[in-house]
Amino acid sequence: MIRFLTLGVAVCLLSLSLAFAAEEMKKEPKTLTILSEPVDPACYISQGLKGEGHKACATACHKAGQSLALLSDDGSLFFTIEGKPGTSPDEALVPFIGTKVKVTGKVFESGGAKGMVVEKVEPVK
């Protein structure tokens with residue numbers, strides 16, 4: 001009898017754990033506005049390269065297929081992601097590689113990584 005009771009409690013706990021995990025995955029994205037710089041994440045992560053001095057390299061890497069990321073003023077890195085299949089998440093950012101911009105979009109987080117569906121980009125003067 002105790003075995004069945006223990007098994008029942010274990011099943012209940014497992015069910016609750018799965019329910020909480022599923023709820024965590026269903027979180028709605030937050031709309032956020034950040035001051036940031038579009039960067040080549042490969043060069044930034046591996047070598048710390050960014051800014052106007054790295055614009056030509058980042059632009060060439062983007063043309064070769066490297067996606068862009070947004071480096072926020074607080075040092076957070078947001079990978080650009082697209083809300084619609086088959087479209088480029090970087091189109092609005094390419095003209096601003098290496099410069100400061102104000103970006104608004106929906107932010108998703110998973111496993112410590114941040115992604116943003118860019119909705120609006122404005123140059124910072």
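Which residue forms a salt bridge with Lys106, and how far apart are the closest N and O atoms? The partner is Glu119, and the closest N and O atoms are 3.4 Å apart. The legends below describe this pair and other places in the chain; the model is predicted.

**Figure 1. The whole chain, with its helices and strands.** The predicted model has three helices and five strands. Along the sequence, these elements follow the pattern α-β-α-α-β-β-β-β. The chain has 125 residues, of which 30% count as buried. Taking contacts between residues at least 6 apart in sequence, 63% join residues at least 24 apart.

**Figure 2. The salt bridge between Lys106 and Glu119.** The closest N and O atoms of Lys106 and Glu119 are 3.4 Å apart. Lys106 lies in strand β4 and Glu119 in strand β5, so this salt bridge ties together parts that are 13 residues apart in sequence. Lys106 is partly exposed, with a relative accessible area of 32%. Glu119 is also partly exposed, with a value of 47%. The model has four salt bridges in total. Side chains of opposite charge can pair when their charged atoms come close.

**Figure 3. Lys30 and its surroundings in strand β1.** Lys30 forms a salt bridge with Glu109, with 3.8 Å between the closest N and O atoms. Glu109 belongs to strand β4 and Lys30 to strand β1, so the pair ties together parts that are 79 residues apart in sequence. Lys30 is exposed, with a relative accessible area of 52%. Beyond the neighbours within four places in sequence, Lys30 is in contact with Gly105, Lys106, Val107 and Glu109. For one of these residues, Val107, the C-alpha atom is separated from that of Lys30 by 5.3 Å, although the two residues are 77 residues apart along the chain. Another residue in the list, Lys106, is the partner of Glu119 in the salt bridge of Figure 2.

**Figure 4. The salt bridge between Glu122 and Lys120.** The side chains of Glu122 and Lys120 meet at 3.7 Å, N to O. Glu122 is partly exposed, with a relative accessible area of 28%. Lys120 counts as partly exposed too, at 46% relative accessibility.

**Figure 5. Glu37, a buried residue with no salt bridge.** Glu37 is in strand β1, which covers residues 30–39. The nearest side chain of opposite charge is that of Lys100, 4.8 Å away. A salt bridge needs a nitrogen within 4 Å of a carboxyl oxygen, so this pair is not counted as one. The side chain of Glu37 does reach the backbone nitrogen of Gly51, at 2.5 Å. Apart from neighbours within four places in sequence, Glu37 is in contact with Lys50, Gly51, Ala69, Leu70, Leu71, Gly98 and Thr99.

**Figure 6. Ser36, a buried residue in strand β1.** The relative accessible area of Ser36 is 0%. Not counting residues up to four places away in sequence, Ser36 touches Leu70, Leu71, Ser72, Thr99, Lys100, Val101 and Val103. Among these residues, Leu70 and Leu71 are also in contact with Glu37, the residue shown in Figure 5.

**Figure 7. The largest nonpolar core and Met116.** This core has 14 residues. Those with the most contacts inside the core are Leu70, Leu93, Val103, Met116, Val118 and Val121. The elements that give two or more residues to the core are β4 (101–110) and β5 (113–123). Leaving aside neighbours within four places in sequence, Met116 is in contact with Leu32, Ile34, Leu70, Phe78, Phe79, Thr80, Ile81, Val103, Thr104, Gly105, Lys106 and Val107. In soluble globular proteins, nonpolar side chains tend to be buried together.

**Figure 8. Cys57 and Cys61, two cysteines without a bond between them.** The sulfur of Cys57 is 4.1 Å from the sulfur of Cys61, the closest cysteine sulfur. A disulfide needs two sulfur atoms within 2.5 Å, so this distance is too far for a bond. The count of disulfides in the model is zero. Cys57 is partly exposed, with a relative accessible area of 35%. Cys61 is partly exposed as well, at 25% relative accessibility.

Technical notes: Residues numbered from 1 in each chain as written. Predicted model: local features only at pLDDT ≥ 70, side-chain atom pairs only at ≥ 80, totals over all residues. Heavy atoms only, no water. Helix = DSSP H or I, 4+ residues; strand = E, 2+ residues; numbered from the N terminus. Buried < 20%, exposed > 50% of the residue type's maximum accessible area, 1.4 Å probe, protein only. Lys, Arg positive; Asp, Glu negative; His and termini not counted. Polar contact = N/O pair within 3.5 Å; in protein donor to acceptor, adjacent residues only side chain to side chain. Contact = heavy atoms within 4.5 Å. Core = buried A, V, L, I, M, F, W, Y, C linked by side-chain atoms within 4.5 Å.
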